[in-house]
Amino acid sequence: MRVRTLWRVPVFCLLASLLSYWLTVFAGPLFYVNRVANADGSIEVSVDPLRGTLLQIALFLLVLLPGGLWAFRSMTRREIACSAALLILPMLAIVLAQLFLPGFPLKVSVFLSPFYNWSGSLSSLLMRCSLPLPAATIIAQFAPLLFVPFGQRQA
């Protein structure tokens, strides 16, 4: 296993999460927020859940496909799995602390939210499939392992 490739998946996922976060914050409302002007001049604002789901799917695939088809094509499946574990383990520990420690600081959660937004879109999709919040967020932390099938079988 090449040590120089271990940084690839965590760095790619963190950068993709930042991009996904900024697209969700700034471009998202343009896509899924409806504004309707009533006859009396008042404006009614609502969120379209179908468009929100489509945006989450698009953001998830926007990260998964370029990562799998371009960024990790020279890595073996074992290297991708080891590299993904470097990101999964600390993020899983943070998510478990957020879920099960009642006094977990909200400032830390808000600070870290841009860094795991990509897996957050997966957890959002899983919750739309009626998975409970703890199960969806724990499963979503394993999203970097979805890059493994895109790797080479052997070196």
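**Helix packing and the hairpin**

Me: At what angle do the axes of helix α1 and helix α3 cross?
Reply: In this predicted model, α1 covers residues 8-32 and α3 covers residues 77-100. Their axes come within 7 Å of each other. The crossing angle is roughly 55°.

Me: Are α1 and α3 parallel or oblique to each other, and why?
Reply: The axes cross at roughly 55°. Angles under 35 degrees would count as roughly parallel, and 65 to 115 as roughly perpendicular. The crossing of α1 and α3 falls in neither range, so the two helices are oblique.

Me: Is the crossing of α1 and α3 left-handed or right-handed?
Reply: The sense of the crossing adds to the angle of roughly 55°. As α1 passes α3, the crossing is right-handed.

Me: How many nonpolar residues are in the contact of α1 with α3?
Reply: From α1 come Arg 8, Val 9, Pro 10, Cys 13 and Leu 14, and from α3 come Ile 80, Ser 83, Ala 84, Leu 86 and Leu 87. By class, 1 is polar and 1 is charged. The nonpolar residues number 8.

Me: How far apart are the axes of helix α2 and helix α5?
Reply: α2 runs over residues 49-71, and α5 over residues 117-128. They pack at an angle of about 140°. Their axes are separated by 9 Å.

Me: Is α2 antiparallel or oblique to α5, and why?
Reply: The angle between α2 and α5 is about 140°. Roughly antiparallel would need an angle over 145 degrees. This angle does not reach that cut-off, so α2 is, relative to α5, oblique.

Me: Which residues of α5 make the contact with α2?
Reply: The crossing of α2 and α5 is left-handed. On the α2 side the contact uses Pro 49, Gly 52, Thr 53, Gln 56, Ile 57, Leu 59, Phe 60, Val 63 and Leu 64. On the α5 side it uses Trp 118, Ser 121, Leu 122, Ser 124, Leu 125 and Arg 128.

Me: How many polar residues does the contact of α2 with α5 have?
Reply: The nonpolar class holds 9 residues of this contact. The charged class holds 1. The polar residues number 5.

Me: How many bridges join strand β1 to strand β2?
Reply: β1 is residues 33-37, β2 is residues 43-47, and they run antiparallel. In the pairing, Asn 34 faces Ser 46, and Arg 35 faces Val 45. The number of bridges is 5.

Me: Which residue in the hairpin of β1 and β2 takes a positive phi?
Reply: Between the strands lie 5 residues. One phi in this hairpin is positive, near 95°. The residue is Gly 41.

Me: How many residues of β2 are buried?
Reply: Buried means under 20% relative accessible area. β2 has 5 residues and lies largely in the open, because the number buried is 0.

Me: Does Trp 22 count as buried or partly exposed, and why?
Reply: Trp 22 sits in helix α1. Its relative accessibility is 44%, and buried would mean under 20%. Exposed would mean over 50%, so Trp 22 counts as partly exposed.

Me: How far apart in space are Trp 22 and Glu 44?
Reply: In sequence, 22 residues separate them. From C-alpha to C-alpha, the distance is 25 Å.

Me: What pattern does the chain follow along the sequence?
Reply: The chain has 6 helices and 2 strands. Read along the sequence, the pattern is α-β-β-α-α-α-α-α.

Conventions:
Residues numbered from 1 in each chain as written. Predicted model: local features only at pLDDT ≥ 70, side-chain atom pairs only at ≥ 80, totals over all residues. Heavy atoms only, no water. Pairing = 2+ DSSP bridges. Helix = DSSP H or I, 4+ residues; strand = E, 2+ residues; numbered from the N terminus. Axes fitted to C-alpha atoms, helices over the stretch in contact; angles between N-to-C directions. Left-handed = near helix turned anticlockwise from the far one by under 90°. Contact = heavy atoms within 4.5 Å. Nonpolar A, V, L, I, M, F, W, Y, C, P; charged D, E, K, R; others polar. Buried < 20%, exposed > 50% of the residue type's maximum accessible area, 1.4 Å probe, protein only.
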